[in-house]
Amino acid sequence: MATRPEHHKGPVTLRGSRVPRSTTDQRLLEGREPAGWVHSDPWRVMRIQAEFVEGFGGLAELGPAISVFGSARTRPGHPTYALAEEVGAALVGAGFAVITGGGPGAMEGANKGATEAGGTSVGLGIELPMESGLNAYANLGINFRYFFVRKTMFVKYAEGFVVLPGGVGTLDELFEALTLIQTGKITNFPIILMGATFWGPLLDWLRHTLMAEGMLSPGDLDLLRVTDDVAEAVAWIVAAQEERRGSGFSATS
């Protein structure tokens with residue numbers, strides 16, 4: 001059998017009609033090359049890698065932090081916006097940086113509370129058609145193209161999660177955090193739901209439908225705590241932090 005021409009692109013072997021007619025260097029230096037290559041999957045891998053590097057580099061020295069989730073649609077003057085401000089300020093007062101999605105609404109409220117309390121106020125923005133950039137109260141901001149990179153930063157650099165009333169995005173962040181803890185993928189950090197009236201029907205459904213059908217273990221719901229009291233929420237977070245420090249665990253280990 002005749003030997004077929006071969007071309008190697010790293011670990012990839014190309015033969016026959018798949019062998020390119022030009023070299024990588026030739027294509028790199030060709031000024032008239034179409035721009036579509038920047039949207040190909042191999043290039044996306046590099047872009048994803050760059051986002052991880054930027055996120056890790058920007059947050060590596062953040063120190064103890066709490067991720068605060070909540071609706072982008074909550075307007076200033078709404079009770080939930082005021083609650084977010086109170087949460088942000090109280091977390092800073094307890095020695096934590098505050099991480100949000102960097103958008104408007106409850107996220108802005110938490111960033112505002114943290115900034116006005118003199119703390120580190122982080123906004124992790126996402127490229128979306130309806131978003132207009134980071135809110136004005138994030139004093140450390142990173143914008144991401146990819147949701148999964150951004151979600152990694154929410155989890156990696158947080159020692160707890162405070163979840164304010166919100167919609168689909170907030171539920172996504174809540175259940176992802178819960179799943180990671182429930183499956184042992186991350187350490188058991190506190191997940192605190194602010195607003196008993198808002199979250200009560202969801203917890204009832206989880207308890208009386210999912211758990212009744214055997215789709216949840218009894219201990220799963222114990223991973224969630226509900227309160228209307230910001231001081232109580234922060235006290236739970238501080239107690240969890242002290243417990244981790246007593247066991248020698250580091251949030252970045």
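Is N135 buried or exposed? Keep that in mind as you start the tour. The model on screen is predicted.

**Stop one: N135**

Select N135. It sits in the loop between β5 (121-126) and β6 (140-144). The residue is buried, because its relative accessible area is 7% and buried means under 20%.

Now show the side chain of N135 and look for its polar partners. Add N111: the side chains of N135 and N111 are joined by a polar contact of 3.0 Å. Next add Y137. Its backbone nitrogen lies 2.9 Å from a polar atom of the N135 side chain.

Widen the selection around N135. Setting aside neighbours within four places in sequence, N135 is in contact with G102, G103, M107, E108 and N111. N111 therefore appears in both views, as a contact and as a side-chain polar partner.

**Stop two: α2 and α5**

Select residues 41-59 for helix α2 and residues 147-156 for helix α5. How far apart are their axes? They are 10 Å apart, and the helices pack at an angle of about 25°. Angles under 35 degrees count as roughly parallel, so α2 and α5 are roughly parallel to each other. The crossing of α2 past α5 is right-handed.

Which residues meet here? On the α2 side, pick I48, E51, F52, G55, F56 and L59. On the α5 side, pick F148, V149, T152, M153 and K156. Colour this contact by residue type. The residues divide into 7 nonpolar, 2 polar and 2 charged.

Definitions and conventions: Residues are numbered from 1 along each chain as its sequence is written. This is a predicted model: local features need pLDDT of at least 70, side-chain atom pairs count only at pLDDT 80 or more; totals for chains, interfaces and linings use all residues. Side-chain values use heavy atoms; hydrogens and water are left out. Axes are lines fitted to C-alpha atoms, for helices over the stretch in contact, and angles run from 0 to 180 degrees between N-to-C directions. Helices (H or I, at least four residues) and strands (E, at least two) are DSSP runs, numbered from the N terminus. Angles under 35 degrees count as roughly parallel, over 145 as roughly antiparallel, 65 to 115 as roughly perpendicular and the rest as oblique. A crossing is left-handed if the near helix is turned anticlockwise from the far one by less than a right angle, and right-handed if clockwise. Contact means heavy atoms within 4.5 Å. Ala, Val, Leu, Ile, Met, Phe, Trp, Tyr, Cys and Pro count as nonpolar, Asp, Glu, Lys and Arg as charged, and the others, Gly among them, as polar. Buried means under 20% relative accessible area, exposed over 50%, partly exposed in between (1.4 Å probe, protein chains only). A polar contact is a pair of N or O atoms within 3.5 Å; within protein, one must be able to donate a hydrogen and the other to accept it, and residues adjacent in sequence count only if both atoms are side-chain atoms.
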